[in-house]
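Biologist: Got a minute to go through this one with me? I'd like to hear what you make of it.

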Amino acid sequence: MDSFKPTVYHSLDARHLLHNLYRKCLIDTPVPLSERMVETSFGDTHVVLYGNPSGQPVMAFCGNNVVNPQILLPFVQHFDMERLLLVAPDVPGCIGFSYEYPRSMSAGDYGTWATAVMNALSIHNAAVFGYSFGAGIALQLCRTALLRVERLLLVNPSCILRTPSIPETPQPISQYAIPQKEISKLLTAGQIKKLNAPVFVAADDNDPLFTGSKILRQAEKLFRNITALRLNPTTDDLFVEMSGFLVD
């Protein structure tokens, strides 16, 4: 039995409860999926692959203070999963089944880690999807392995604007998981100036951390190849548009 250290979960029981929630979300996912463990220099990484194994790969990052399959469920329900393979690794030091020691966002560890996951899965090029904290990881991947990013989809992204220093964690997660408090450094136009891949940014003014209209205004300043900026669109329309963007 491994020795427990409270880096992600408050207790062994808390880990057990959130792992059960994770498994229930996978069971409720209405598309084919598989799981893999891959080795990286940042420890073993658990990956869920949704959709068509021969489909266009999309690296999907969520990460901080969330249960990945719970966040991704509405996306895989609405995306064209016959044409896509959504590759969703559990971030080290976050809820899930990857190595439980947190890495440093400020040091750029997550871009290196994401590249290592792609290498381990023999994915050379892919579309990249980042949600909230996962957008920061997606943007680090753009800087670490620029030419391997074919297109970039960001939803309610971090790293665009300053956010509260104390993260908001939804119930019941806050009862069981230790909030990861590191705040992503703000992206600058200079850091991303070489990115030529098409970029789609969607944001919501009702998001408690990332104010949609402000994010979109800043995104226009940061990215040179904006394909779409969407504020508070209807859910069905947004999913259709995002899915089309990923498979074009």
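Modeller: Sure, let's go through a few residues, the cores and some helices and strands. Keep in mind that this is a predicted model.

Biologist: Okay, His46 to start. Which element is His46 found in?

Modeller: His46 sits in strand 2, which covers residues 45–51.

Biologist: And is His46 buried or exposed?

Modeller: His46 counts as buried, because its relative accessibility is 3% and the cut-off for buried is under 20%.

Biologist: Which side chains does the side chain of His46 make polar contacts with?

Modeller: One is Glu35, with a side-chain to side-chain polar contact of 2.7 Å. Another is the side chain of Tyr22, at 3.4 Å.

Biologist: What else does His46 touch?

Modeller: Leaving out residues up to four places away in sequence, its contacts include Arg23, Arg36, Met37, Ala88, Pro89, Asp90, Phe97 and Ser98.

Biologist: Switching to the hydrophobic part. Which residues touch the most other members in the largest nonpolar core?

Modeller: That core has 45 residues, and the ones touching the most other members are Met59, Phe61, Trp113, Leu152 and Phe223. Helix 4, residues 133–144, gives the most to this core, with 7 residues.

Biologist: Any others? How many residues are in the second core?

Modeller: The second core is separate and has 42 residues, including Tyr50, Met81, Leu238 and Phe245. As a general point, nonpolar side chains tend to be buried together in soluble globular proteins.

Biologist: Back to Met59. What does Met59 touch?

Modeller: Not counting residues up to four places away in sequence, Met59 touches Val87, Pro89, Val117, Met118, Ile123, Ala126, Ala127, Val128 and Phe129.

Biologist: You brought up helix 4. Why is helix 4 described as largely enclosed?

Modeller: Because 10 of its 12 residues are buried, helix 4 is largely enclosed by the rest of the structure. Among the buried ones are Phe133, Ile137, Leu139, Gln140 and Cys142.

Biologist: What do the buried residues of helix 4 pack against?

Modeller: They pack against strand 3, helix 3 (109–120), strand 5 and strand 6 (149–155).

Biologist: How far does helix 4 reach from its first C-alpha to its last?

Modeller: It reaches 17 Å, close to the 16 Å expected for its 12 residues at 1.5 Å a residue.

Biologist: Now helix 2. Which residues of helix 2 are buried?

Modeller: In helix 2, residues 68–78, the buried ones are Asn68, Pro69, Ile71, Leu72, Leu73, Phe75 and Val76. Their cover includes helix 1 (12–28), strand 2, strand 4 (84–89) and helix 7 (235–247).

Biologist: New topic, strands 7 and 8. How many bridges join strand 7 to strand 8?

Modeller: There are 5 bridges between strand 7 (residues 199–203) and strand 8 (residues 226–231), and the two run parallel. Phe200 stands opposite Ala228 of strand 8. With helix 6, residues 212–222, these two strands make a right-handed β-α-β unit.

Biologist: Leu222 is in helix 6, right? What does Leu222 touch?

Modeller: Leu222 is found in helix 6 and is buried at a relative accessible area of 7%. Beyond residues up to four places away in sequence, Leu222 touches Ile160, Leu187, Thr188, Ala189 and Ile192. The C-alpha atoms of Leu222 and Met59 are separated by 22 Å.

Biologist: Last one. Where does Ser174 lie?

Modeller: Ser174 lies in helix 5, residues 173–176, and counts as partly exposed at 27% relative accessibility. Ser174 and Val66 are 108 residues apart in sequence, with 9.6 Å between their C-alpha atoms.

Methods: Residues numbered from 1 in each chain as written. Predicted model: local features only at pLDDT ≥ 70, side-chain atom pairs only at ≥ 80, totals over all residues. Heavy atoms only, no water. Helix = DSSP H or I, 4+ residues; strand = E, 2+ residues; numbered from the N terminus. Buried < 20%, exposed > 50% of the residue type's maximum accessible area, 1.4 Å probe, protein only. Polar contact = N/O pair within 3.5 Å; in protein donor to acceptor, adjacent residues only side chain to side chain. Contact = heavy atoms within 4.5 Å. Core = buried A, V, L, I, M, F, W, Y, C linked by side-chain atoms within 4.5 Å. Expected span 1.5 Å × (residues − 1). Pairing = 2+ DSSP bridges. Right-handed = clockwise from strand over helix to strand, strands pointing away.
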